[in-house]
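These entries record what I looked up in the model shown below. I began with how chains meet and then turned to single elements and one residue.

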Number of protein chains: 6
Amino acid sequence: MSRIDGRTADQLRPITIERGWSKHAEGSVLVSFGDTRVLCNASVTEGVPRWRKGTGEGWVTGEYAMLPRATNTRGDRESVRGKIGGRTHEISRLIGRSLRAVIDFKALGENTVVLDCDVLQADGGTRTAAITGAYVALADAVSWAQEKKLIKAKAQPLTGTVSAVSVGIVGGEPLLDLCYEEDVRAETDMNVVCTGDGRFVEVQGTAEGQPFDRAELDGLLDLAVKGCAQLDGAQRQSLAS
Amino acid sequence: MSRIDGRTADQLRPITIERGWSKHAEGSVLVSFGDTRVLCNASVTEGVPRWRKGTGEGWVTGEYAMLPRATNTRGDRESVRGKIGGRTHEISRLIGRSLRAVIDFKALGENTVVLDCDVLQADGGTRTAAITGAYVALADAVSWAQEKKLIKAKAQPLTGTVSAVSVGIVGGEPLLDLCYEEDVRAETDMNVVCTGDGRFVEVQGTAEGQPFDRAELDGLLDLAVKGCAQLDGAQRQSLAS
Amino acid sequence: MSRIDGRTADQLRPITIERGWSKHAEGSVLVSFGDTRVLCNASVTEGVPRWRKGTGEGWVTGEYAMLPRATNTRGDRESVRGKIGGRTHEISRLIGRSLRAVIDFKALGENTVVLDCDVLQADGGTRTAAITGAYVALADAVSWAQEKKLIKAKAQPLTGTVSAVSVGIVGGEPLLDLCYEEDVRAETDMNVVCTGDGRFVEVQGTAEGQPFDRAELDGLLDLAVKGCAQLDGAQRQSLAS
Amino acid sequence: MSRIDGRTADQLRPITIERGWSKHAEGSVLVSFGDTRVLCNASVTEGVPRWRKGTGEGWVTGEYAMLPRATNTRGDRESVRGKIGGRTHEISRLIGRSLRAVIDFKALGENTVVLDCDVLQADGGTRTAAITGAYVALADAVSWAQEKKLIKAKAQPLTGTVSAVSVGIVGGEPLLDLCYEEDVRAETDMNVVCTGDGRFVEVQGTAEGQPFDRAELDGLLDLAVKGCAQLDGAQRQSLAS
Amino acid sequence: MSRIDGRTADQLRPITIERGWSKHAEGSVLVSFGDTRVLCNASVTEGVPRWRKGTGEGWVTGEYAMLPRATNTRGDRESVRGKIGGRTHEISRLIGRSLRAVIDFKALGENTVVLDCDVLQADGGTRTAAITGAYVALADAVSWAQEKKLIKAKAQPLTGTVSAVSVGIVGGEPLLDLCYEEDVRAETDMNVVCTGDGRFVEVQGTAEGQPFDRAELDGLLDLAVKGCAQLDGAQRQSLAS
Amino acid sequence: MSRIDGRTADQLRPITIERGWSKHAEGSVLVSFGDTRVLCNASVTEGVPRWRKGTGEGWVTGEYAMLPRATNTRGDRESVRGKIGGRTHEISRLIGRSLRAVIDFKALGENTVVLDCDVLQADGGTRTAAITGAYVALADAVSWAQEKKLIKAKAQPLTGTVSAVSVGIVGGEPLLDLCYEEDVRAETDMNVVCTGDGRFVEVQGTAEGQPFDRAELDGLLDLAVKGCAQLDGAQRQSLAS
C-alpha cells in the first residue's frame, strides 16, 4: 500500500537542513520535513536565570511558535490573544527537555542558549522538525561560544546528538513521519526523541481513536528508531559540510 | 532492596477513592494515592461548545490545578499571576484526552462534562491520581445524567474504564507509583494511561538524566500495566459500593 | 418561627475545626460552618515584602479562592480567565486585615505568613468561616515559628484572637450565620469580625433590598457579637486539644 | 481641639457639586469634598447585560478609577499594569451597590446606566465623594432618559436619594469627613452610605489600629448620619438649581 | 466659506492654558482647544529607568489616556479590558518623543519626568492639545526641580519650546485645528509638532480618503506652522503670568 | 560621499519580491530590502467584522510582528510577555491603513483580507518592506478571490498600487532606504507611503536629534517619491512574471 505522497511506510519525507539562514543568530537553521519548514535560531547570552546563578552551570531552553498563516486556515496570534495556548506551551517545554538531554551544563558554564523554533509553514511533524533543526542550531551556537572563549578550552558541552520523528497508525498501518493529512486520520500518534546512539529521550504516544496495544506500540517504536537514525545522519552530514 | 516507604518495586501506595465528597457536583471523588490527595469534581451541563453545536455529539474536558500550599513550599496562584503555567496546561489537556478515550460522544448527546481536578495535597503522581479519580467522578456524572434523562434511554456513553499510574527508574531500578522523593531522584519518569482491558491511551516517558534504552522502556511498561490493572480494580470496587 | 434547617434565629450551624489537615503547611485547618468547608493553610517564610525590609517588622496576608465547583453551578477558574474578580479581591483583603488586627509585627520579626483560604464547598458564610479557620492556622504557624526559633524567645506575635460571622435580616427577622438559601433571600447582609474580648475589627453591612434603620443595625450587631463569642470558644477548644 | 484644617469634629469640608461639567455624558458632575475632586459621568444606553435580557428590568453599575497623579506620589496606571487592583474593584462595586439601593429597576426599564467616577485630585474620602456626586449624575441621567422617552411616562426609577461620608477615630476622637492626613492617622475608619431619610445602605467600619468597641461604633454612626443629612441637602440644592 | 463653528480656515479654536490645576503634581496644566480638555500632570522623580542608570542623563516620557466618557459614546476602560489599545500606545509614544526633542538630558541629570495627559473631554485634536499642554507642565516641573536643587545650578534642561496642532483637508479645503465633526469628514488628516523657532519635530500625515499630492501637503504644512506659532505665543503668555 | 554599503544617497538596496512563498496563504510574498526579509501572507475569509456586517463592504487589515531573533540581540516574544508593544501596534495599524488606501471596499464585497507581515530578519526599513511586500500579496489574494468567485465578476477591488520607503538625514545628508546602521545614526527619520501615481498615503517624519526645517523636509520627500517609484516598478515586474 502506498501513501498519499507515494512514500513507503518507513520512509521519511525529503529532509533539508540549511545552516546560517539568518545573519544575526549564533546558530540559525531552516529545517524542512517535506512541506513543513521551521526556522530554528539559537541565541547565546552570558549568564543564567536567577535560580541558577552561582552554580557554575549553564541553561538551555526552547520556545516554539507558529506564524498565523503557517497552517491552512489562519490562526489568531497568541500575542494578540494575550496568552500562550496549551499546545504551544507543551511543545516549547518538549524542545527544551530534548536538547537539555545532550548538554553537559558544567561544560557549558554559566551561559544560556535559547532555541527559538518558529514554524513558517506547517504540514505535520512541526515539533519533531523543530527538535531536529534546533539540535543543529545548538551545535553551531556551541561552536560559536567556543570560538568566542565563552566556554572553557577543551570543555565539550554537547554529550551526544538528538533528533525526533513522529510515527502513527493510519488505517491500521504504522507509518513513519506523518504529513498533515495522515496525522489528521491517525488512530494513534506518537512523537519519539532519540539520541544518536538509539536511546530514548522522550516517548509520547496518544490514542486518538481506539487505545493501542503493546504490539502496536512496539511496531511504532521500531519505526521511530529507524527514522531517528536517518535524521541523525542528515544532521551529521549538514554539520560536516 | 526496599523503598523509602517500605514498598516493593511493583507495589502501589495505599489507594482510596471516596465518592460523593462534595454535595454540589454531579460526580465528586476525593482520590488519594498515599499522601497525594486530589478532589475530582464532574460538572454536567446541557449543550456543547460552539464549534460542536448541531453535531449531536457531546464533549468532555478536564482542568487541573494545585492549591498554592499543596506542595512543600508555597507556589504563587496562577490566578494572581494572571496566566496558567505550561505544566498546568499540559496536565489539563492530558486529563481531557484520557477521559475522552472512553467516551462515545454520540451516546453522550449534546452534553458537556467538565472534570475539575484540584490537588489538595501533593506527594508525587498528582496527574495519575487525577485521571484515576476523574474517571470515577465521570462515571457518577454519567449515571446522574441518565437518571435526569439528559441522555437517551439505553445510551451508554462510557465505552470502557481508564486509569493512570507513574513509573520510573530510580537508582537503576524500575519502580511503580513514585512518591515525591522518588520522583525527584528518578532518572527516567513515565506516566501511563491504560484502559481496563490493558491497552494504552497515553504513554509519556521522559529521560530526566541519562537517555533510556528499549529494555528499560519495556520494563517500565510492564510495571505500569500491572499497576493500572490494580487501579482498575479499585475503581470498580468503589463504583460497586 | 424556625429556620430552613431547623435552627433558632441566634444559633450557629455545626462548627468543626480540624487542625493539621495538610502535612506541608506550617498551619493547616479544615474549617466547616455547616456545609461550608474551607481549607486554611498558613505558610511561613523568612523575610518580608520589599517595602517592609529593614523595619524589623513582619507581615501577614491572605488569599481567598473558590474551587470552580464549590458552588451549585460551576464557575470559571480565575486563572483561566486571566484575572481575579472583584469579590475575590475584596475577601482576600478582608482576611488579611482581620488577621493583622491581632498581630504584633515587631514580635513577629521579619517573617511573612500567608493564609491561603480555599473554599472546597460553599453554602454561605465562606468569608467568615475562612477568617475563623485562618486564625487557628495562624496560631499553629506562629507556634511552629517559635519552635524553629524564627521568632525571638518570649516574643508573642499574637495579641488576641479573632473570628467572624455573618448576620442578616431575612423575612424581617435578624438571623445568625446565614446558609446560602437564607443569604440569597436576605434583605440586609452583614459580616462582622470580632476579637475574643468582643470588640470589632470589621463591620460590613449591606442593604440588599430595603435600606436598614439603626434599630435593625443594632439587633444585627448584638447577634454577631454573640456568635463570635461562641466561635471564639470553638477556636480555643480546638487549639487546646 | 481643632482639626488640621480648623474644622470642628462634626464639620464637613466645603462641598461643591457642579452639574453639566462634560457636554457628552447624560449626567456629568464634578463633585468636591475639600481638595478631593471626582468627575462623575453617567452614561445611559438602551439594553441591559445579557443575563438580564427579557426581564423588563434595567441595570445600574459603577466604575471607579484614579488618575495616576491624583495622589501625592504618582501611581502606575492600571491599564498599563494590565489589571485592576483590589481597592479599585472594591470601590467600583460599592458605588454600584449604593446607587442600585435607590433604583426601581422595573421603572427604569431595560436601560443601563454606568456611573464613571474618576478621581482627578485625591485628599481623602474619594469613594464617598464619588457616591455623593454619582447620585446627582444619575438623577440627571434619569431625567434625560425621561425626556428622550426611553423610560415610560410616569415611571419613577429613583426611589430615594443616597449620599456617603467617611468618619473615623483620630487621636481618640470621632471625626467627620476625614481628609488624607487624618485618614492616614485614623485608628478606626468607617464609610457610611445613607438614604435621604437617614437609613443605611452600607456600613463599612475597619479597625486600622486597635479594635473598636460598641460605644465608639455608635459615636461614629451618629456623626455619619449627621454628615449624610447635610450632603443630602447639598444634593437637593444642586438638583433644584 | 465658513466652518461649522464659524471659524476661518486658518483660525485656531479658543485656547486656554490653566497652570497649577492639581495641587499634587510638580507641573499641572488643564489645556483646552475649544471643547477638547486635557489634564496634563508632570511628575518628577529622582532616578532613571534601569537601562539609563549611571549615564548621568535624565528621561522624559508620556502617557496618554481618555476617560471612558470623554467621547460622545462611552468607551470601555483599558484597565478593565486588561490591555492598552494601539491608538493609546501610539499617542503616548508621540507625546514622549515630542517633549524629548526639547530636552537636554545631561542638564536634566538623572531625573525622570512623566507627563500624564488625560483627556477629560474630547472634541478633536486631543493629542495636539496634550502635547501643547504637556510642554507647559514640563516647564513648571523643571522649574520646581531647579528650586529643589534636583537639577544643578545653571543647568537648563529645556532647549526650546514645543507645541502641536492638527490640520486637514475637509471638502477640498485645508483647515487648521479640526474639531471632531471636521476630523470625521477629513479626506486628509495631519498632526504637526513644531518647536518655537518653526522647525519640525514630527509630521504625521494620513490620507483618510484619496491620497494627497505635494501641493496639498505643502498647503497643510503652511497652515500648521502658522498654528504652532500662535500656540507658542499662548504657551509663553501662560508661563509668563 | 559613499554610504556604509557603498550605495549612493538616492539608491535603494537590492530589492527582491518572491511570490508564492507559502503554499497555504492566498497571497504569499517573501520581500527583501537588502538584508531585511519580511514574509507577507494574505489570508482571505468570507465575511467581515461585526461592525461592518450588512454594509456590502469588505475589510483589509494588517498584523506586523518580528521573530525574537530577527534582530541582533534577541527580544522577548510578545506572546510570552502577554501583550503587544507600542511599536508593533503602531506598525500594524500603518500597514492596514496603507493598503486600505488602494481598496474599493464595495468592489471587495463582504470579504476580509488579513495581511500578516512577519519579519524574519531585520536590517532597517522593516515596515516599509512589509507594506511593499504586502501590496503584492494582497494583489495575489484579490486575484485568488476573483477566480473563486468570492468577488463579483468585473469588480476591481484594487484602485491603485502602494509601496513605502524610509528616508532620513544622516550626517547632514538625506539618504534613501536606510539600513539599520544608518537608521541608528539618523538625525531625522521619515517613512513615506506612496501610490503608484506618486501621491502620498502616509508621511511620518520624526526628528531623532535636532528638529528639521522645511528645506530638509522637502529634500526627504523628493528622495522618497523617487524611491517609491522604483519600488512600484519592482512590484509591477513581480506581478507580471
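Entry 1, chains A and F. I took contact to mean heavy atoms within 4.5 Å. The model is a predicted one, and I read every value below as computed from it. I asked through which surface the copies, chain A and chain F, meet. I found that 100% of the interface residues of chain A are also interface residues in chain F, so the two copies meet through the same surface.

I then looked up how the two chains superpose. Chain A can be laid on chain F by a turn of 180° and a shift of 0.0 Å along the axis, with an RMSD of 0.0 Å. The two copies are thus related as by a two-fold rotation axis. I also noted which residue of chain A comes closest to that axis: Ser79(A), with its C-alpha at 1.8 Å.

Entry 2, chain pairs without contact. I checked chain A against chain D and found that no contact joins them; their closest C-alpha atoms lie 10 Å apart. Chain B and chain E are likewise joined by no contact, and their closest C-alpha atoms lie 10 Å apart.

Entry 3, helix α2 of chain E. This helix covers residues 86-100. At 1.5 Å a residue, its 15 residues should span 21 Å, and I found its end C-alpha atoms 21 Å apart, which agrees. I next asked how many of its 15 residues are buried. The count is twelve, and I therefore recorded α2(E) as mostly covered, with buried meaning under 20% relative accessible area. Among the buried residues are His89(E), Glu90(E) and Arg97(E), as well as Ile91(E), Leu94(E) and Ile95(E).

Entry 4, helix α4 of chain B. I looked up residues 126-147, a helix of 22 residues. From first C-alpha to last it reaches 31 Å, close to the 32 Å expected at 1.5 Å a residue. I noted that α4(B) is mostly covered, as 18 of its 22 residues are buried. Just after α4(B), Lys149(B) takes a positive phi of about 65°.

Entry 5, Asp116(C). I located this residue in strand β5 of chain C, residues 111-121. Is Asp116(C) buried or exposed? At 1% relative accessibility, Asp116(C) counts as buried. Its side chain makes a polar contact with the side chain of Arg74(B), at 2.5 Å. Leaving aside neighbours within four places in sequence, I found Asp116(C) in contact with Pro68(B), Arg74(B) and Arg77(B) of chain B. Its contacts in chain C are Leu39(C), Cys40(C), Asn41(C), Ser43(C) and Glu63(C), with those neighbours again left aside.

Key:
Residues numbered from 1 in each chain as written. Chains lettered and ligands numbered in written order. Predicted model: local features only at pLDDT ≥ 70, side-chain atom pairs only at ≥ 80, totals over all residues. Heavy atoms only, no water. Helix = DSSP H or I, 4+ residues; strand = E, 2+ residues; numbered from the N terminus. Expected span 1.5 Å × (residues − 1). Buried < 20%, exposed > 50% of the residue type's maximum accessible area, 1.4 Å probe, protein only. Polar contact = N/O pair within 3.5 Å; in protein donor to acceptor, adjacent residues only side chain to side chain. Least-squares fit on C-alpha atoms with pLDDT ≥ 70 in both.
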